Structures are given as structure tokens and as C-alpha cells.
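Me: I am new to this structure. Please take me through its salt bridges and its enclosed spaces, step by step.

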Amino acid sequence: MISDNLVNQKNTKLINKNLSDFNYKIIVLDDDPTGTQTIKDLPVYTEWTEKWIEDGFLQKNDMFYILTNSRALNEKETVKLHKEISQNIEKVANKLNEDYLIISRGDSTLRGHFYLEPKVISESATQPFDGVFYLPQFFEGNRYTYNGIHYLKENQKYIPVVQSEFSNDTTFGYSSETMFDFIEEKSEGEIKSSEVSYISLEMLREKKEKEIFTVFERLENFSAVVVDALNDSDMDYFASCLINFLKGNKKKFIFRTAASFVKDMCVTPGEIINLNKFSSNKNGGLIIVGSHVKKSSEQLSYLINNTNIRPFEFDVKEIIKDNLEEYINTLITKVEYEIVNGNSVVVYTSRDVIKTEDINNNLSISTNISNSLVNIVKNISIKPKFIIAKGGITSSDVATKGLNIKKAEVIGQVTKGVPVWLTGDEAKYPKMPYVIFPGNVGEKETLAQVYKMNN
């Protein structure tokens with residue numbers, strides 16, 4: 001059984017992980033903007049034309065991000081998008097004669113097109129991938145994998161994510177406890193649970209490098225691999241084995257992961273920063289809350305009841321009414337008045353969940369609500385001191401549609417697991433701190449604490 005003692009046990013002697021001669025450009029395809037939550041000093045792009053991909057390859061950094069926002073897309077849209085990205089990456093890499101490694105970054109609670117995205121990337125490549133590794137661990141958010149079961153820690157208890165609210169997601173729900181069964185479920189039987197390879201915690205902690213290399217060597221035809229890990233030293237040992245193996249082997253691997261694996265493949269792990277260092281603006285800040293998960297609602301309530309922030313509710317039922325534009329414009333006027341007078345504002349969706357039996361329709365409803373929040377940001381004429389967006393779809397749409405970000409710099413985290421971008425010159429508000437606050441990260445006080453520290 002998983003326990004605090006097991007989680008806190010560290011590997012004391014790691015093999016050498018030398019990235020200096022690891023001649024791969026690492027490309028992280030992020031299905032929402034929260035995946036930058038463990039790194040810093042890296043570029044993130046919101047477009048994937050050959051022009052922007054080449055710009056990423058030519059950066060001095062070994063890694064860059066492409067925000068796909070595919071968690072907000074249906075399967076058909078996701079397939080089209082990942083075919084295009086895969087083909088464009090390959091064209092640019094061939095042009096520049098560069099090797100590359102793709103990380104498909106998804107949610108640490110297993111929501112999103114978990115199986116589909118790596119599969120499409122592989123099938124769209126000239127040479128399909130030999131193996132796909134599943135590493136949904138996000139230690140800063142208390143997400144762990146042990147004995148092939150993915151856990152989250154909540155209220156001091158470790159529970160399999162299948163027992164959490166996230167498994168009942170209206171679009172990306174699931175019923176499998178083990179990662180092996182989860183892969184079979186999400187592949188609709190295309191991959192049988194018994195066929196999935198496994199790198200156990202024992203193999204990592206007992207430094208069984210040869211056994212791990214044997215797993216790597218036998219992968220072919222898009223074989224699936226589940227990897228245990230309970231802390232950064234476990235992940236670091238796996239990453240070290242992987243890097244050392246790839247230096248002498250031309251196997252093609254792809255990775256479906258959360259943020260912890262990305263950090264261990266990156267030379268610039270994130271650090272906590274204060275937004276005031278990057279903004280001298282005397283206007284108030286703007287917080288947008290679109291996420292409806294339980295933790296977001298608790299954080300929102302605590303923020304409103306324990307700080308001096310000015311709250312404005314956006315009633316989601318307004319999206320089906322004829323006077324929606326007038327409703328939004330009235331809200332914008334109120335928000336602008338507060339911001340220009342130095343008061344920070346939170347605009348949040350009413351906590352109602354509009355749900356139908358049609359998965360694609362649920363996505364469409366979420367998109368319409370998000371578009372309304374975007375229109376608020378897009379049409380505000382006063383530059384806020386900062387913007388904090390709460391929720392994956394919300395933060396992506398605010399970034400791309402509301403702020404017109406094409407390229408940004410990840411400058412660190414505002415608290416554990418909450419990334420900050422510095423907007424690019426082309427953005428609506430250049431050089432402004434933009435905080436991407438995941439819906440499922442932190443305690444009930446965390447959003448309020450972030451606000452108080454940076455207001």
C-alpha cells in the first residue's frame with residue numbers, strides 16, 4: 001500500500017544524467033497551458049506552423065512547448081491537429097537535420113485524449129514510434145503511480161484517481177483502476193492490459209538499469225509502457241536511464257505524461273517568483289475563474305470571503321439568451337471601473353454545470369462559456385497589473401483568443417504547480433505576467449494566498 005514513508009524515500013545515488021551531449025530537441029505538446037508548471041526560462045508557442053516550430057528548434061534551449069489546447073477539442077479535431085503538428089515537426093527537423101523527442105503532456109488525473117494523441121503523432125510520422133510511455137505523475141500536485149495504479153493524495157489520504165471526482169468527468173471519464181486496464185479502456189481494446197510493459201518502483205529504487213534497458217530494447221510497434229514513480233528521485237533515475245539508453249540507440253519513443261517527467265528532462269526546473277518583480281502597473285489585477293472542479297469552487301469561495309477582491313459573477317445561463325452581448329458589455333464596464341481605480345477583480349462563472357448526454361455537446365457548452373470569458377478579457381481597455389486564469393480550457397482561451405499570445409516565456413511559478421508566463425511583444429498586453437492556475441492544484445487557501453502575495 002502507498003504511504004508517506006514510501007513517497008518520501010529518496011534514491012541517494014543516481015546514475016549520471018548528462019544532458020550536454022543528449023542531442024535531441026525536446027518538444028512538449030501541451031493539451032492545456034498548465035503543463036508549464038514545473039519549469040522556467042523556456043519558450044511556449046500557441047501556433048504550430050513550420051515558422052514557429054523552426055523558431056523553437058533554433059532557440060538555445062533544449063526544450064520548447066507548443067500549446068495545442070486539445071483537451072477542449074473533440075476526437076476528430078484532435079486527430080486533425082496532431083497530424084498537422086507531427087508532419088510539421090518532421091519537416092522542420094529534416095530541414096535542420098535535428099533529432100527530436102516528443103512529450104505529449106496531459107492531465108495528472110488522466111483526463112484528455114490520453115491514448116489518441118500519441119497514437120496519431122506516431123501514425124503521422126514517416127517512421128512510427130517503437131514505444132509510448134505513460135507517466136501521469138505530478139508530485140507538486142500530489143499525483144503518484146505505484147504498482148501500476150495512479151493515485152492522488154487528498155485530505156492526507158492516498159486514493160486511486162478512479163475513486164475521485166475526475167474519473168466522472170463529463171467528457172473524459174473512465175472506470176479502470178490500474179493504468180494497464182486504463183490503457184485498454186482508452187484504446188477501446190486496441191492494446192490489451194496484459195500486453196502493456198511495466199517499469200516498477202522496485203526496478204527504479206534498486207537501480208536495475210539492465211532490466212530497464214531490456215524493457216526499452218524489446219519495445220516495437222507502439223508498445224505501451226507504464227512507469228511507477230513516487231517522487232522526483234524516482235523520476236530522475238528513470239530519465240537518466242532513458243537518456244543514457246537513447247544516446248546509444250535510435251529507438252523512437254514518445255511520452256504521455258504530466259509535468260513531473262518534463263521537469264526531469266529539462267535543465268531549467270521552475271522556481272517560485274513574485275509577480276511584482278515583473279509588473280510596476282498600479283492598476284488592479286484580474287482573476288478569471290472558469291474551472292468547475294470542487295477544488296476550484298472551494299478556492300474561489302475562500303478568495304471572495306477572505307480578501308478585499310471585488311467579485312463579479314458571470315451567469316452561465318446567459319449564454320443561451322439573446323442579450324448575451326449586452327450582458328457582457330455591462331460586466332466589462334463594472335470590471336474596468338474597479339481595475340482603473342487600483343482594485344483587483346475576480347470574474348467567475350456561476351457554479352451551475354450544464355450537462356447533456358452528448359459528449360461533443362458538453363464540449364460545445366464549455367467552449368461557449370469560455371468564449372464569453374474570453375470576450376470579457378478581449379474587450380477590456382485597461383491593462384491589468386496581472387491576469388490569473390483558473391482552469392485549463394479557460395487559461396488557454398484567454399491566452400490565445402483574449403490576449404493574442406503567439407509566443408511567451410515561462411518565467412517560473414507563482415506557487416507550487418502554478419506557472420507564470422511573460423507575454424510576448426505581439427500580445428494585447430506585452431510583457432505582462434499571466435498566471436495559469438490549474439483547476440485541481442492547491443488547497444482551499446492557495447488562490448487567496450497567491451492573490452495576497454502579489455496584489
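Reply: A salt bridge here is a side-chain nitrogen of Lys or Arg within 4 Å of a carboxyl oxygen of Asp or Glu. The model is a predicted one.

Me: Which residue meets Lys208 in a salt bridge?
Reply: The cut-off is 4 Å, from N to O. The pair in question lies at 3.2 Å. Lys208 is partly exposed at 22% relative accessible area. The partner, partly exposed at 44%, is Glu202.

Me: How many residues apart in sequence are the parts that Arg105 and Asp32 tie together?
Reply: The closest N and O atoms of Arg105 and Asp32 are 2.7 Å apart, in a salt bridge. Arg105 lies in strand β4 and Asp32 in the loop between β1 and β2, so the tied parts are apart in sequence by 73 residues.

Me: Is Arg71, which also bridges to Asp32, buried or exposed?
Reply: Arg71 and Asp32 meet at 3.3 Å, N to O. This pair links distant parts of the chain, 39 residues apart. Buried means under 20% relative accessible area. Arg71 has 11%, so Arg71 is buried.

Me: How many salt bridges does a search of the whole structure find?
Reply: Some share partners: one network includes Asp32, Arg71, Arg105 and Asp107. Across the whole structure, the search finds 28.

Me: How many charged residues line the second largest cavity?
Reply: This cavity has a volume of about 30 Å³. Its lining includes Leu110, His150, Glu177 and Phe182. By class, 5 lining residues are nonpolar and 3 polar; the charged count is 1.

Conventions. Residues numbered from 1 in each chain as written. Predicted model: local features only at pLDDT ≥ 70, side-chain atom pairs only at ≥ 80, totals over all residues. Heavy atoms only, no water. 1 Å grid on protein atoms, 1.4 Å probe; cavity = no way out; pocket = protein on both sides within 12 Å on 5 of 7 lines; lining within 4 Å. Points joined across faces, edges and corners; volume = space filled by probe spheres on them. Nonpolar A, V, L, I, M, F, W, Y, C, P; charged D, E, K, R; others polar. Helix = DSSP H or I, 4+ residues; strand = E, 2+ residues; numbered from the N terminus. Buried < 20%, exposed > 50% of the residue type's maximum accessible area, 1.4 Å probe, protein only.
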